[in-house]
Amino acid sequence: MKSTQRTIRRSVACSGIGLHSGQKVTLRLRPAPADHGVVFKRLDLDNLEIPADVAHVAGMHYATGLARDDTSVETVEHLLAALLGLGIDNVVVELNQAEVPIMDGSAASFVYLVHEAGIKSLSVPRRFLKVVRPIVLSRGDKRIALYPSDHFKVTYSISFDHPLLRHQSRTMRMTEDAFVDEIAPARTFGFLKEVEVLRKRGLALGGSLDNAIVLGETGVLNSSLRFEDEFVRHKILDVIGDLALVGYPIIGHLVAHRGGHALHAEFAQKLLEETESWHVVESETEPVSELPVGVPATERLASS
Ligand SMILES: [Zn+2]
């Protein structure tokens, strides 16, 4: 069965602070037509637009940033994960600052915002990137790979030298409901000793226990966790947001170990370059052999 592209039904807004800048920012989502994609718009800079794609990735250390000319938008990953998780292909994201608000450090607020706006189906088929051969990227003990699968699945594992999160691993088939219930509420996390270093560099100025899990030497400083394995769930959220920059929802099994934004972005780039390892299809169940790579969607429609 084919699925069609989606946008939101009406414009919606929220306000919060930027994690790194600490400044107040207003974000507004506006409906967009089919094949528009997700595009950021800086209202404070002559409405300059920055598409959410691999070609505009910049600055990937503590969050994912996009840039065009001298202009950037920062910390886009949780919003992009929410849009992908809810199947929103087309939207304009207006900002009056350089950074997407961090909200509570998860994607829950953005899920709420999209639900408040309502979802609208468009009459153009959605296109998926279907993996047909493994794609693997290793950097030291960090690794990320995509394998053929009938569905979008994610396996993530993390290990840290900390008593609370030595090793966590989770595999999920990423349906819309699973994303909303199991992944979107998982908050970002950081170590208290790193927070102090970041602050000295002028970063994480907006960070607090209201928008991040903070780990001390032996435990968390927050009153409670939302899930026992909230940390690895948040890594799944991050990788979904970072790989959304590929421009198509993925059909394949993503397996990552000890990744971060920089590795996710490098992988997104590699994935797009390895064109023999995937096909673009218009249905999750469509047999890939019937769809040669590189044939425009209009021709494929005409011949089917
Ligand atoms: Zn994150």
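A residue is called buried when its relative accessible area is under 20%, exposed when the value is over 50%, and partly exposed in between, using a 1.4 Å probe and protein chains only. By this rule Asp238, at 6% relative accessibility, counts as buried. The structure is a predicted model, in which local features need pLDDT of at least 70 and side-chain atom pairs count only at pLDDT 80 or more, while totals for chains, interfaces and linings use all residues. Residues are numbered from 1 along each chain as its sequence is written, and side-chain values use heavy atoms, with hydrogens and water left out.

Asp238 is a good place to start, as it leads to the metal site. The zinc ion has the protein donors His78 (NE2), His234 (NE2) and Asp238 (OD), at 2.0 to 2.1 Å. Donors here are N, O and S atoms within 2.8 Å of the metal (3.2 Å for Na, K and Ca); water is not among the atoms, so sites may look incomplete. Along the chain, the spacing of the zinc donors reads H-x155-H-x3-D. His234 and Asp238 are separated by about one helical turn, because they stand four residues apart in helix α5 (residues 230–243). Helices (H or I, at least four residues) and strands (E, at least two) are DSSP runs, numbered from the N terminus. His234 is buried as well, with a relative accessible area of 1%.

The strands come next. Strands of a sheet pair through backbone hydrogen bonds, either parallel or antiparallel. Two strands are taken to pair if DSSP finds at least two bridges between them. Three strands, in the order β6-β7-β8, make an open sheet with antiparallel pairing. Its edge strands, β6 (57–58) and β8 (71–73), each pair on one side only. Three bridges join β7 (residues 65–68) to β8 in the antiparallel sense, and Leu66 stands opposite Val73 in β8.

Elsewhere, strand β2 (residues 12–17) shows two faces: Val12, Cys14 and Gly16 lie on the covered one, and Ala13, Ser15 and Ile17 on the uncovered one. Strand β2 runs antiparallel to strand β3 (residues 24–31), with six bridges joining them. One residue of the covered face, Gly16, has Val25 in β3 as its bridge partner. Together β2 and β3 form a hairpin with six residues between them, and Gly22 in the turn has a positive phi of about 75 degrees.

Aromatic side chains also meet in this model. Rings of Phe, Tyr and Trp (its six-membered ring) pair if their centres lie within 6.5 Å; planes under 30 degrees apart count as stacked, over 60 as edge-to-face and the rest as tilted. There are three aromatic pairs in the structure. The pair of Phe160 and Phe189 is edge-to-face, because the ring centres are 6.0 Å apart and the planes lie at 85 degrees. Phe160 belongs to the loop between β14 (152–159) and β15 (167–173) and Phe189 to strand β16 (residues 189–191), so this pair ties together parts that are 29 residues apart in sequence. Phe160 is partly exposed at 26% relative accessibility, whereas Phe189 is buried at 16%. Phe160 also forms a tilted pair with Phe191, at 5.5 Å centre to centre and 50 degrees between the planes. Phe191 is buried, at 11% relative accessibility. Ring pairs link Phe160, Phe189, Phe191 and Phe231 into a cluster.

Charged side chains complete the picture. A salt bridge is a side-chain nitrogen of Lys or Arg within 4 Å of a carboxyl oxygen of Asp or Glu, and 14 are counted by this rule. One of them joins Glu176 and Arg6 (3.2 Å, N to O). Glu176 lies in helix α3 (residues 176–183) and Arg6 in strand β1 (residues 4–8), so the pair ties together parts that are 170 residues apart in sequence. A salt bridge also forms between Arg30 and Glu94 (2.6 Å, N to O), linking strand β3 with strand β9 (residues 91–95) across 64 residues. Arg30 is partly exposed at 34% relative accessibility, while Glu94 is buried at 8%. In addition, a network of salt bridges links Arg170, Glu182, Asp229 and Arg233. The charged end of Arg233 also sits over the ring of Phe227, 3.9 Å from its centre; the rule for this is that NZ of Lys or CZ of Arg is within 6 Å of the ring centre and within 35 degrees of the ring normal.
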